[in-house]
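Hi everyone, thanks for making time this morning. I'd like to walk you through one structure, piece by piece, so have it open on your screens.

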Amino acid sequence: MDILITGVNGFLGRALAKSLIKSNHKVIGIGRQNTCKVSGVEYHKIDLSIPQDLSHIIKKCEIIYHLAAITAHNDIVNNTLETEKISLLSTRNLLIPIINDKNSKIFIFASTGKVYGNFDSLPLIESSKASPINLLGKIKRKTEILINEKSNSKDSFFILRIFNVYGPMQKESFVIPTIIKQLIKQKSKSKYFRLTLGDIEAKRDYIFIDDVIELFAKISKRSLNLKGTTFVNVGSGYGRSVKDIISYIEDVLQKEIITKIDNNKLRSDELDIEYSSIRKANQLFDWHPQVTLKNGINFILKHYGLVD
């Protein structure tokens with residue numbers, strides 16, 4: 001089975017490509033870098049935001065994972081127009097050859113839990129009103145609407161509202177890599193650690209990358225009869241704070257962590273708590289996260305040599 005991944009050099013893209021290749025799938029990757037970071041991928045350097053004929057690539061693929069995006073908060077704030085351009089134009093340019101191809105395709109789009117924004121109740125379910133308040137949520141919601149407008153009865157379009165995914169090799173601009181980077185610098189210098197962070201009280205829904213990749217695989221196997229657009233939450237179903245994460249790390253490292261709050265890192269466009277219902281993913285794909293936040297953090301600490 002030939003499978004296309006856009007954003008193949010990104011955090012999700014690399015992990016997905018490695019998993020698919022291990023399962024003996026042929027992976028075609030698209031990115032804007034000169035080379036692919038994953039061996040075994042048929043790689044095409046393409047800027048998807050520029051209109052071009054992609055039919056020669058699309059017609060070979062049964063499944064398209066559209067992961068190309070800018071997702072780091074500061075990158076989005078500093079490059080808002082570029083972020084929106086990449087998301088909307090790249091999606092439109094992919095959808096045209098998918099819709100025009102006579103064969104049925106499975107299109108999987110990596111959206112975000114931030115599309116919900118203000119909400120009336122928790123946990124967030126797929127039918128909850130989408131009223132995003134931050135830039136990532138607003139841009140992803142516009143892209144969701146575009147996909148839904150182009151939806152048809154021939155193809156399967158899956159919009160995955162992924163909450164706070166984390167794991168090894170994630171960009172340092174995200175909170176857990178930020179913590180890890182600071183811990184590594186102090187690994188053997190004192191009996192305790194010092195961290196400088198933003199909001200450590202707000203609760204988010206953290207989901208380990210391996211569990212996200214497992215859902216990707218299940219969707220590709222079970223979705224052939226689901227035509228049109230299907231929205232699916234991807235999370236743990238629980239709200240946890242950075243303070244909780246720090247507590248987990250203290251338990252594993254057996255060291256006290258002293259945290260300083262940097263007011264410049266506080267965000268006014270996010271809520272105090274958000275977490276998802278994952279009932280739909282469980283019902284449709286028999287999927288449930290296997291990695292708890294404690295175990296995921298412990299895995300990352302081991303990966304970076306902070307524990308044996």
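I'll go through the inside of the protein, then one strand, one helix and some charged pairs. Keep in mind that this is a predicted model.

Let's start in the middle. The largest nonpolar core here is made of 35 residues. If you want to find it on screen, click on I5, Y65, I108, L160, I162 and F216, which have the most contacts inside it. Which elements feed two or more residues into this core? They are β1 (2-6), α1 (11-22), β4 (63-66), β5 (106-112), β6 (156-162), α7 (209-222), β11 (228-234) and α9 (279-285). The largest share comes from α7, with 6 residues.

Now zoom in on Y65. Ignoring its neighbours within four places in sequence, Y65 is in contact with I3, L4, I5, T6, L16, L20, I108, F216, A217 and S220. There is also another core, lying apart from the one we just saw, and that one has 24 residues, among them I179, L183, F208 and L293.

Okay, on to strand β1. How many of its 5 residues are buried? The count is 5 of 5, so to speak a mostly covered strand. From β1, D2, L4 and T6 point one way, while I3 and I5 point the other way, and all of them are buried.

And who sits beside β1? Strand β2 (residues 26-31) pairs with β1 in the parallel sense, over 5 bridges, and D2 has K26 as its bridge partner there. With β4, β1 also pairs in the parallel sense, this time over 4 bridges, and T6 stands opposite H66. If you trace β1, α1 and β2 together, you get a right-handed β-α-β unit.

Next, have a look at helix α10 (residues 293-303). Its buried residues are L293, G296, I297, I300 and L301. Why are they on the same side of α10? Because they cover an arc of only 140° around the axis. What covers them includes β7 (164-166), α6 (175-185), β10 (206-208), β12 (240-241) and α8 (242-253). After α10 comes G305, which has a positive phi, near 75°.

Last topic: charges. Side chains of opposite charge can pair when their charged atoms come close. This structure holds 15 salt bridges, and I've picked three for you.

One of them joins the side chains of E42 and K60, at 3.0 Å from N to O. E42 is in strand β3 (residues 42-45) and K60 is in the loop between α2 (55-58) and β4, so the pair ties together parts 18 residues apart in sequence. Are these two buried or partly exposed? E42 is partly exposed, at 24% relative accessible area, and K60 is partly exposed too, at 34%.

Then there's E274 with K114, whose closest N and O atoms are 2.7 Å apart. This pair links distant parts of the chain, 160 residues apart: E274 is in the loop between β13 (256-261) and α9, and K114 in the loop between β5 and α5 (135-150). E274 counts as buried, at 5% relative accessibility, and K114 counts as buried at 12%. Both belong to a network of salt bridges that links K114, R204, R267, E270 and E274.

My third pick is R161 and E144, whose side chains meet at 2.7 Å, N to O. R161 is in strand β6 and E144 in helix α5, 17 residues apart. R161 counts as buried at 3% relative accessibility, and E144 is buried at 0%.

That's my tour, thanks for listening!

Conventions:
Residues numbered from 1 in each chain as written. Predicted model: local features only at pLDDT ≥ 70, side-chain atom pairs only at ≥ 80, totals over all residues. Heavy atoms only, no water. Core = buried A, V, L, I, M, F, W, Y, C linked by side-chain atoms within 4.5 Å. Buried < 20%, exposed > 50% of the residue type's maximum accessible area, 1.4 Å probe, protein only. Contact = heavy atoms within 4.5 Å. Pairing = 2+ DSSP bridges. Right-handed = clockwise from strand over helix to strand, strands pointing away. Arc of directions from axis to C-beta. Salt bridge = Lys/Arg side-chain N within 4 Å of Asp/Glu carboxyl O.
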